[in-house]
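Trainee: Could you walk me through this one before I head back to the bench?
Mentor: Sure, pull it up and ask away.

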Amino acid sequence: MRSLISIMDFSVDELDDLIHTAMDIIDRPHEYSQKCRGKKLATLFFEPSTRTRLSFEAAMYELGGNVIGFSEAGSSSAAKGESVADTAKVISCYADIIAMRHPMEGAPLVASDNATIPVINAGDGGHNHPTQTLADLLTIYREKGRLGNLTIGLCGDLKYGRTVHSLIEAMSRYEGIKIVLISPDELRLPGYVKKEILDRHHIPFEEISSLEEAMSKLDILYMTRIQRERFSNMEEYKRLKDSYILTPEKLKSAKEDMCILHPLPRVNEISVAVDKDPRACYFKQALNGKYMRMALILKLLEDAACSPVRKTRDMQTVKNLRCQNPRCITSAEQELEHIFKRTDEGICRCIYCEKKAE
Amino acid sequence: MRSLISIMDFSVDELDDLIHTAMDIIDRPHEYSQKCRGKKLATLFFEPSTRTRLSFEAAMYELGGNVIGFSEAGSSSAAKGESVADTAKVISCYADIIAMRHPMEGAPLVASDNATIPVINAGDGGHNHPTQTLADLLTIYREKGRLGNLTIGLCGDLKYGRTVHSLIEAMSRYEGIKIVLISPDELRLPGYVKKEILDRHHIPFEEISSLEEAMSKLDILYMTRIQRERFSNMEEYKRLKDSYILTPEKLKSAKEDMCILHPLPRVNEISVAVDKDPRACYFKQALNGKYMRMALILKLLEDAACSPVRKTRDMQTVKNLRCQNPRCITSAEQELEHIFKRTDEGICRCIYCEKKAE
Amino acid sequence: MRSLISIMDFSVDELDDLIHTAMDIIDRPHEYSQKCRGKKLATLFFEPSTRTRLSFEAAMYELGGNVIGFSEAGSSSAAKGESVADTAKVISCYADIIAMRHPMEGAPLVASDNATIPVINAGDGGHNHPTQTLADLLTIYREKGRLGNLTIGLCGDLKYGRTVHSLIEAMSRYEGIKIVLISPDELRLPGYVKKEILDRHHIPFEEISSLEEAMSKLDILYMTRIQRERFSNMEEYKRLKDSYILTPEKLKSAKEDMCILHPLPRVNEISVAVDKDPRACYFKQALNGKYMRMALILKLLEDAACSPVRKTRDMQTVKNLRCQNPRCITSAEQELEHIFKRTDEGICRCIYCEKKAE
């Protein structure tokens, strides 16, 4: 039995298989319309997210299955103090697969360690959101016909944007990738992502603060939102914000076949006027997310049917450290052992939130 | 492709067709139990309404389809500032038809202008609620055997009651309709409804403040709730409220085959003792609402299958005006153009909330 | 037509039948997977309860049916002041069976008196929770092979724990039952339960304050949570709480085939270390709850199909008294008549909340 907690849980070959399945679903939807008949997906959303939740639910229904769940913590037993581990054990009695969103980093990993059914991470705080990356990958593949040999611009909040980090991690395994990081100084990509992902995979990258300057060389432009709350200096925010809003004007220098992505929801970082541009792919991306979730649910249920025993962790672990991250599930979950993994670089990271040991 | 935003979007013939379909569903439910197999209804309720939402969901399930959605804005992406237009575009990737309730007037019209699937207005603030009117029409048809030649009493809050305005608008297109308006002075029917609907269609009407006085002549009595908040003068409210509560006593002078309607939920404007009276039809009305929603979903999905392109607006529009209504979706939706229509009387009305241009 | 409001609504024979059906569902799930095709369960949860709600929903889906409903009062028409009676009447138009959780004691009985479909009480305040008791009974039956000749320890909050009272009531009808009541003085079993259930059925019982002392003689240990709020004296609470936490250490003196139950959610009253003990049956109990709910839904729908008329109350009632319990539905529901039943002991109890008349 497998779960999907981080996009890196899947090899490049496995991702290729998922994309292949998704393409087949798009071609022959009727072949898949009864594949999950009698199966149930539990959508456990401890914080609200319409788009992601409805995408999962639509995916399950299009496979002929059913859905149970909740859409916010207030209507769950968590309000009564139940642990994530117990919730996972109980839901395993009711459903065949879980999609979990949780505000605490690492909560879906705790769930997958305790559930007797596969768990999909549908977003854990600012940490991972692998099914968004699946949507991104299928969109790039469908629009560009390939996942390698691409210059990818990432624009906006590169510091806190979990979708950006996951996409970089996923793309770094393909050939011929170049990365252009476009952000204000305050919101630059964190050093550890540059070091542990980009440098390690020898991905050439440059850091630019001007979207217009970067535009002409990009095959992919991945936009994200710059949140006012991220700035300590309001004048700085006001000075900067407009330069990271995508407009038809700014698109003039872009390649004709550039592909504009956005994880959505957007607020105003892409002008509505851009929607009509054929390069705008963010609504297609939402659709592709549904197809990838269908492929993922199928894959995990098939895996669980073949090998019902949970895969054991194959990593070097360290147990005498304590995670200090207040947003990590270790700070909230009852009787949860703190466990660290030792990376190839010799760094100890909490297995739940991946923060470095202090 | 069609949507249902206002009851006036459908001609009398189209309404007759819907009623005909609903009657057939009642007679032969099994013939319809798989009509929407593999289809999904999205119930997007930006404000709660159990009755309407569950009625839509029951309708879709009885057609063999599935349902996704949310029941309040708090668990939707709107909380993150997403526009109605974007929500409509994204949900179009996940579902086949939308039922939307929204606190802002005109929001479902914005949705239908952006969705690639049909949109049903399930209530937009104090503006429209056309599927309630569909329930009213089927109930009148089933109870009286006709939709013309009826004297209809409307009692209670005629000023703010959107269901009252829609019913008047719908009934004004049938022959031989007489209207009796029963309300306190504070809550009289607005002048524009009298002028633009009743006068225009030459519907005879009278205004009375006594329910008992009106009772004996009515074929239909449509009750609504008088809300305390509507009164500036509490003594006036206390003096008046009991006269608009329907009791077995007040029913003594009513016709034996009069039909009592209420959009529900009721608080205390109809005494529970009236429920046993055979003239009480408000719970039948709830059941009829489900059948009409089934007929409506079928009709809109069939239309969308035949002509997948959105119908264009065929009206004379004016674009250099700004809507001043704070409850209109124009006041909240990002980059939404203000558009007005010029009515036959030469008045300019916002196409979203139908308020007059100032 | 029958409803399930209290576990005592079913005879021992009927409970045996339910257990028999549940066992058959476990053996041959495919035989049941279409039994409720085209039927709808309405889950009306006026207060949140993930576990119970999802268990009902899973049960209905595994029978091939569908589910509509809400998971908290805020998204229901109750927020607009609708009575439970009206809600029940309207939902009867949309669904085939209701599962209702409500904070007011007796609300599900009001619903069953007004619905035209069966109603299942899924918890009414601190009063009844019969489907939890169904889960308890099936678990005891599956683990011990019998429901009689058992020594049952009940530990923790025996004063307010509705699941404890219901289980005692249910077990008191079997042969050879002995009860061991384990609690701090503040949280002892109420006198009326001892008198009206234990004494009346000649069930031997003892009251002990030490879990360790009781341990060795138990066939069943039913744990419940001790809530801090129940104590007026915080020092007393701190002194006591650890003695009612079940640990591997305390289990050393227990029988090898003892069966540990807990209605869940647990907070910390059972150490996570106990989960691995083969005597820990609380997660099995959650699974058994689903099977019993399946059996119950089937039974009530079959009953309703055979005899669609509501069963009349066969009890001696008294009507000139008023219930003084502020948590009783009589204190909130519009125009609800106060009715009392005279028990065999000559005591008058409110039929809704079962509080004694003052």
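Here is our chat about the model, one question at a time.

Trainee: What should I know about the numbering and the kind of model?
Mentor: Residues are numbered from 1 along each chain as its sequence is written, while chains are lettered from A and ligands numbered from 1 in the order in which they are written. As for the kind, local features need pLDDT of at least 70, side-chain atom pairs count only at pLDDT 80 or more, and totals for chains, interfaces and linings use all residues, since this is a predicted model.

Trainee: By what turn can chain B be laid on chain C, and what axis does that relation belong to?
Mentor: Copies are superposed by least squares on the C-alpha atoms of residues with pLDDT of at least 70 in both. Chain B goes onto chain C with an RMSD of 0.0 Å and a shift of 0.0 Å along the axis, after a turn of 120 degrees. That is the relation of a three-fold axis.

Trainee: Which C-alpha in chain B is nearest the axis?
Mentor: The distance to look for is 5.2 Å from the axis. In chain B, the nearest C-alpha belongs to B:Asn66.

Trainee: How many helices and strands has chain A, and what is its radius of gyration?
Mentor: Helices (H or I, at least four residues) and strands (E, at least two) are DSSP runs, numbered from the N terminus. Chain A has 12 of each, helices and strands. The radius of gyration is taken over C-alpha atoms, and the globule rule is 2.2 Å times the number of residues to the power 0.38. That rule gives 21 Å for 358 residues, so chain A is as compact as a globular protein of that length, with a radius of gyration of 20 Å.

Trainee: What share of chain A is buried?
Mentor: Count C-beta atoms, placed from the backbone: a residue is buried if 20 or more others lie within 10 Å of its own, exposed if 12 or fewer, and partly exposed in between. Out of the 358 residues in chain A, the buried share is 53%.

Trainee: Is A:Asp113 partly exposed or buried?
Mentor: A:Asp113 sits in helix α5 (residues 107–114) of chain A. Because A:Asp113 has 19 C-beta neighbours inside 10 Å, it counts as partly exposed.

Trainee: Which element gives the largest share of the side of chain A that touches chain C?
Mentor: Two residues are in contact if their C-beta atoms, placed from the backbone, lie within 7 Å. That way, 22 residues of chain A are in contact with 21 residues of chain C. β2 (66–70) and α4 (84–91) of chain A each supply at least two residues of that side. The largest share, 4 residues, comes from α4(A).

Trainee: And which element gives the largest share of the side of chain B that touches chain C?
Mentor: Here 21 residues from chain B meet 22 residues from chain C. Two or more residues come from each of α3 (50–62) and α11 (282–306) of chain B. The largest share is 7 residues, and it comes from α3(B).

Trainee: How many residues of helix α7 of chain C are buried?
Mentor: This helix covers residues 162–171 and is mostly covered. Its buried residues, including C:Val164 and C:Leu167, pack against α6 (130–144), β5 (150–155), β6 (177–182), α8 (191–199) and β8 (220–223) of chain C. The count is 10 of 10.

Trainee: How many residues are in the largest nonpolar core?
Mentor: A nonpolar core is a set of buried Ala, Val, Leu, Ile, Met, Phe, Trp, Tyr and Cys residues joined through C-beta atoms within 7 Å. Among those with the most contacts inside the largest one is B:Ile297, which touches residues including B:Leu41, B:Met60 and B:Leu63. The core has 333 residues.

Trainee: What is omega for the peptide bond that joins B:Leu264 and B:Pro265?
Mentor: Most residues other than glycine have a negative phi, and most peptide bonds are trans. B:Leu264 has a positive phi near 55 degrees and lies in the loop between β9 and α11 of chain B. B:Leu264 is also buried, with 24 other C-beta atoms within 10 Å. The bond joining B:Leu264 to B:Pro265 is cis, with omega about -5 degrees.

Technical notes. Lists of a residue's contacts leave out its neighbours within four places in sequence.
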